[in-house]
Amino acid sequence: MGNCFGRKCCSVTVIGPSGSGKTSLVQRLQSVGTDYRSLPPVPTIGFNIESIELKRYIITVWDYGGGYMYKMRSIWDEHFVNIRALVLVVDSSDGALARIAQARQMLWDVLDNITTINNYNTNTRVIKVLVVANKCDLNRCLTMAQLYNELAIDDLLAKRVIQLKFVQASVVNDHGLNDILQWLKKLV
Ligand SMILES: Nc1nc2c(ncn2[C@@H]2O[C@H](COP(=O)(O)OP(=O)(O)O)[C@@H](O)[C@H]2O)c(=O)[nH]1
Ligand SMILES: [Mg+2]
């Protein structure tokens, strides 16, 4: 997607309700394969810009604080122009069902915005969306089918040209993190 000092690079935006684990996930992806674990992050104010450095790649990650997504509505147009990839992180533990409705709304709102400013419906560019069903280490997590339903994915696919992937993940036991890294590498 780009060239950063001899390495291939691209950027990706991470959205999702607050507390779903966005910042923890990004921090863990930075150190995956090592024993290093950062302390649980403080709630994100505004957004964090982090980079995940892999051998030949650098991926810049825009990690939005859940509620701030809407407070920063005025910069969406600027931020989402030419965006190709979006990651939605949801807390898939059963206690977080109410937050999944929020996640669905965010996904729809952001995709609406992206479609409008980039004319995605009238050209052939496809936006890639990764849904991370995080916290799968916790008991009674939603199944993929339940999540699909809660996020109204059928409706979404009927209306939008998106390339969608789901990954069940846990920052606590590293489940799914390699799949996420593979998805990120393919963006570059
Ligand atoms: N059990 C469990 N807790 C997690 C996981 N990921 C994040 N958390 C916890 O969820 C809380 C919110 O995480 P944070 O990354 O700040 O969420 P954000 O608001 O989406 O950035 C923190 O206490 C994390 O330690 C996970 O996979 N499993
Ligand atoms: Mg955060």
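Leaving aside neighbours within four places in sequence, which residues is V61 in contact with? In this predicted model, V61 is in contact with V12, V14, V26, E50, S51 and I52. The chain that holds V61 has seven helices and seven strands. Its radius of gyration is 16 Å, close to the 16 Å that the globule rule gives for 188 residues, so the chain is as compact as a globular protein of that length.

**Overall build**

- Along the sequence, the elements follow the pattern β-β-α-β-β-α-α-β-α-β-α-α-β-α.
- The C-alpha trace spans about 45 × 45 × 30 Å along its principal axes.
- Of the 188 residues in the chain, 30% are buried.
- Among contacts with a separation of 6 or more, 72% are between residues 24 or more positions apart.

**V61 and its surroundings**

- V61 lies in strand 4, which covers residues 57-64.
- V61 counts as buried because 23 other C-beta atoms lie within 10 Å, where the cut-off is 20 or more.
- The C-alpha atoms of V61 and I49 are separated by 5.6 Å, although the two residues are twelve residues apart along the chain.
- V26, one of the contacts of V61, is also one of the buried residues of helix 1.

**Helix 1**

- Helix 1 runs over residues 22-31.
- Seven of its ten residues are buried, so helix 1 is largely enclosed by the rest of the structure.
- The buried residues of helix 1 are K22, T23, S24, L25, V26, Q27 and R28.
- These buried residues pack against strand 2 (7-15), strand 3 (47-54), strand 4 (57-64), strand 5 (85-91), strand 6 (127-134) and helix 7 (177-187).
- Just after helix 1, G33 has a positive phi of about 90°.

**Ligand 1**

- The shell around ligand 1 holds 20 residues, of which G21, K22, T23, S24 and P40 come nearest.
- Helix 1 gives the most to this shell, with three residues.
- By type, the shell consists of six nonpolar, eleven polar and three charged residues.
- K22, T23 and S24 are among the nearest residues to ligand 1, and K22, T23 and S24 are also buried in helix 1.

**Strands 5, 6 and 7**

- Strand 6 is mostly covered, with seven of its eight residues buried.
- Strand 6 pairs with strand 5 in the parallel sense over seven bridges.
- In this pairing, V90 stands opposite A133 of strand 6.
- Strand 6 also pairs with strand 7 (residues 162-168), again in the parallel sense and over seven bridges.
- Here F166 in strand 7 is the bridge partner of V131.

**Nonpolar core**

- In soluble globular proteins, nonpolar side chains tend to be buried together.
- The largest nonpolar core has 40 residues, and those that touch the most other members are V14, L86, V87, L88, V131, V132 and A133.
- The elements that give two or more residues to this core are strand 2, helix 1, strand 3, strand 4, strand 5, helix 4 (97-118), strand 6 and helix 7.
- Not counting residues up to four places away in sequence, V87 touches V12, V14, L130 and V132.
- V12 and V14 thus appear among the contacts of V87 and also among those of V61.
- V131 and A133, both listed for this core, take part in the strand bridges: A133 is opposite V90, and V131 is the partner of F166.

Methods. Residues are numbered from 1 along each chain as its sequence is written. Chains are lettered from A and ligands numbered from 1 in the order in which they are written. This is a predicted model: local features need pLDDT of at least 70, side-chain atom pairs count only at pLDDT 80 or more; totals for chains, interfaces and linings use all residues. Helices (H or I, at least four residues) and strands (E, at least two) are DSSP runs, numbered from the N terminus. The radius of gyration is taken over C-alpha atoms; the globule rule is 2.2 Å times the number of residues to the power 0.38. A residue is buried if 20 or more other C-beta atoms lie within 10 Å of its own, exposed if 12 or fewer, and partly exposed in between; C-beta atoms are placed from the backbone. Two residues are in contact if their C-beta atoms, placed from the backbone, lie within 7 Å. A residue is near a molecule or strand if its C-beta atom, placed from the backbone, lies within 6 Å of it. Ala, Val, Leu, Ile, Met, Phe, Trp, Tyr, Cys and Pro count as nonpolar, Asp, Glu, Lys and Arg as charged, and the others, Gly among them, as polar. Two strands pair if DSSP finds at least two bridges between them. A nonpolar core is a set of buried Ala, Val, Leu, Ile, Met, Phe, Trp, Tyr and Cys residues joined through C-beta atoms within 7 Å.
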